[in-house]
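Biologist: Got a minute to go through this model with me? I'd like to start with the core and then look at pockets.

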Amino acid sequence: MSNSEVKLRPATMSDLAGIKGVIISNGREGNGQHDAWWEQRMEAESVIVAEADGQIVGVGAIDLHVSQITHIYVSQERHRAGIGSTLLKALEDMAQRAGRSAIRLDSTAEAFDFYRKNGYRIRGAVPMIKP
């Protein structure tokens with residue numbers, strides 16, 4: 001599916017099951033966020049969803065108070081279709097409209113290259129673990 005068939009829009013609480021489905025499809029357990037957390041972010045208009053064929057295929061969230069991207073997830077079967085980059089750009093635009101000049105985020109190892117390709121760089125400590 002091309003990116004032109006994917007539409008971004010503000011998330012609503014009726015999207016919550018779809019949002020959690022996208023996060024779980026990436027091997028995360030709903031990312032530990034409770035419904036009240038999502039509701040608070042949605043009321044602040046800082047959560048967007050990517051929708052295709054009536055299904056939620058991606059989600060992005062930003063905390064504009066601290067200028068931090070908290071979530072970008074794309075359905076596993078839609079990876080590498082440009083949806084993550086589209087979500088990232090939309091979140092960056094939200095931050096810019098809110099007067100934020102810098103944006104921070106914490107990346108998973110799997111998403112590290114994605115963020116580097118989009119202009120993000122390491123700042124500060126990088127947590128490591130020896131299994």
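**Core and pocket**

Modeller: This is a predicted model. Its largest nonpolar core has 20 residues. Ile 69, Ile 72, Ile 83, Leu 87, Leu 91 and Tyr 115 have the most contacts inside that core.

Biologist: Which elements give two or more residues to this core?

Modeller: Three strands and a helix do: E2 (47-52), E3 (55-63), E4 (68-74) and helix H3 (83-97).

Biologist: And where does the largest share come from?

Modeller: From H3, with 7 residues.

Biologist: What does Leu 91 touch, not counting residues up to four places away in sequence?

Modeller: Ser 46, Ile 48, Gly 60, Ala 61 and Ile 62. Leu 91 also touches Ile 69, His 71 and Ile 72.

Biologist: What about a second core?

Modeller: That one is separate and has 14 residues. Ala 11, Leu 16, Val 59 and Tyr 73 are among them.

Biologist: OK, pockets. What volume does the largest pocket have?

Modeller: About 880 Å³.

Biologist: Which lining residues are the closest to its centre?

Modeller: Of the 30 that line the pocket, Ile 72, Thr 108, Glu 110, Ala 111 and Phe 114. Ile 72 is also one of the residues with the most contacts inside the largest core.

Biologist: Which elements supply at least two residues of the lining?

Modeller: E4, H3 and helix H4 (112-117) each do. E4 gives the most, with 7 residues.

Biologist: How does the lining divide into nonpolar, polar and charged?

Modeller: There are 10 nonpolar, 13 polar and 7 charged residues.

Methods. Residues are numbered from 1 along each chain as its sequence is written. This is a predicted model: local features need pLDDT of at least 70, side-chain atom pairs count only at pLDDT 80 or more; totals for chains, interfaces and linings use all residues. Side-chain values use heavy atoms; hydrogens and water are left out. A nonpolar core is a set of buried Ala, Val, Leu, Ile, Met, Phe, Trp, Tyr and Cys residues joined through side-chain atoms within 4.5 Å. Buried means under 20% relative accessible area, exposed over 50%, partly exposed in between (1.4 Å probe, protein chains only). Helices (H or I, at least four residues) and strands (E, at least two) are DSSP runs, numbered from the N terminus. Contact means heavy atoms within 4.5 Å. On a 1 Å grid over the protein atoms alone, a cavity is a set of points where a 1.4 Å probe fits but cannot get out, and a pocket is an open set with protein on both sides within 12 Å along at least five of seven lines; lining residues have an atom within 4 Å of a point. Grid points are joined across faces, edges and corners, and a volume is the space filled by probe spheres set on the points. Ala, Val, Leu, Ile, Met, Phe, Trp, Tyr, Cys and Pro count as nonpolar, Asp, Glu, Lys and Arg as charged, and the others, Gly among them, as polar.
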